[in-house]
Amino acid sequence: MREVLAQAAFQLFLERGFERTTVDDIVARAGVGRRSFFRYFPSKEDAVFPDHERCLAEMTEFLAAADDSDPVGAVSDAARIVLRMYAANPEFSVQRYRLTREVPGLRTYELSVVRRYEQTLAGHLRSRFGEDGDGALRAEVVAASVVAAHNNGLRLWLRSGGEGDPEVAVDHALALVREVWGRPTASTAPADPGASAVPAAPVVPLAVSGGGDGGGEVVVMVARKGTPMWRVVQQIEAAVGEN
């Protein structure tokens, strides 16, 4: 019944437009009563994203079973669960993407869904990095990086009309995240007696999702190894704010 309602709703959204479609229209098309609709969906917006609750539950279950050896790798793999959900039905995913670009209310709703994924990833990372000090901050920054990298690759595929393999772009973006954040922190990395007194300045990439059809932006920041995490985040926020 959930699938029947979602299909009826989406057909009407494409035919009439989201704003001009009512819940009564949806239940009439599906041949059920209003109670049936609200039993499965709290609102019209929820009917546009019928698969996210299941996907979120699958992600939570996956992370609960993950070991502690590679937390950044675990959240990167968890993000791929969302990618596979989109890739399972390319036509629907592309149509939904186009619809959300046209309806501001759906775009706002989609952002709230994305935030729930990010909070789930951050919660897992906090359990590994710790809740105090830079552990909690690192968890939030890594989770945001994973979500932004995933969305950057996913939207490239959606804007192409669902052509090709979406995993190529997403895997490339997530590899950047793992390259940077998968390294040990300064506090846990073993000391190297032969290391130079002036550490190298690695490039720290962070994919930042854009808000329009122009796609995501990429902010590249350079910082010396051992720079306090609060300073890194401060500079990133300043760069994003300028954009």
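Helices here are DSSP runs of H or I with at least four residues, numbered from the N terminus. With that settled, I opened the model, which is a predicted one, and looked up Ile-81: this residue lies in helix 6.

**Entry 1: Ile-81**

I asked myself whether Ile-81 is buried or exposed. Its relative accessible area is 4%, and buried means under 20%, so Ile-81 counts as buried.

Next I wanted to know which residues Ile-81 touches, leaving out those up to four places away in sequence. I found Cys-55, Glu-58, Met-59 and Phe-62. I followed up on Cys-55: it sits 26 residues from Ile-81 along the chain, and the two C-alpha atoms are separated by 7.0 Å.

**Entry 2: helix 6**

I then stepped back to the helix itself. Helix 6 covers residues 71-87, and 14 of its 17 residues are buried, so the rest of the structure largely encloses it.

I also checked its length. The expected span takes 1.5 Å times one less than the number of residues, which means 24 Å for the 17 residues of helix 6; I found the end C-alpha atoms 25 Å apart, in agreement.

**Entry 3: the cavities**

How many cavities of 30 Å³ or more does the protein have? I counted two. The largest has a volume of about 200 Å³, and I spent my time on that one.

Its lining is made of 17 residues, and I noted Val-82, Val-114, His-150, Asn-151 and Leu-154 as the ones nearest the centre. Sorted by class, the lining has 12 nonpolar, three polar and two charged residues.

Where does the lining come from? I traced at least two residues each to helix 5 (52-65), helix 6 (71-87), helix 8 (104-129) and helix 9 (134-159). Helix 9 gives the largest share, with six residues. Helix 6, the home of Ile-81, is thus back in my notes as one of the contributors.

**Entry 4: the whole protein**

Last, I looked at the overall picture. I found 11 helices and two strands. Reading from the N terminus, the order is α-α-α-α-α-α-α-α-α-α-β-β-α.

Of the 243 residues, 43% count as buried. The accessible surface comes to about 12900 Å², and carbon and sulfur atoms hold 52% of that.

I finished with contacts. Among those with a separation of 6 or more, 63% join residues 24 or more positions apart. My pair from the first entry, Ile-81 and Cys-55, is 26 residues apart along the chain and in touch, a handy example to keep beside that percentage.

Definitions and conventions
Residues numbered from 1 in each chain as written. Predicted model: local features only at pLDDT ≥ 70, side-chain atom pairs only at ≥ 80, totals over all residues. Heavy atoms only, no water. Buried < 20%, exposed > 50% of the residue type's maximum accessible area, 1.4 Å probe, protein only. Contact = heavy atoms within 4.5 Å. Areas by Shrake-Rupley, 256 points an atom, 1.4 Å probe, with all protein chains shown as cover. 1 Å grid on protein atoms, 1.4 Å probe; cavity = no way out; pocket = protein on both sides within 12 Å on 5 of 7 lines; lining within 4 Å. Points joined across faces, edges and corners; volume = space filled by probe spheres on them. Nonpolar A, V, L, I, M, F, W, Y, C, P; charged D, E, K, R; others polar.
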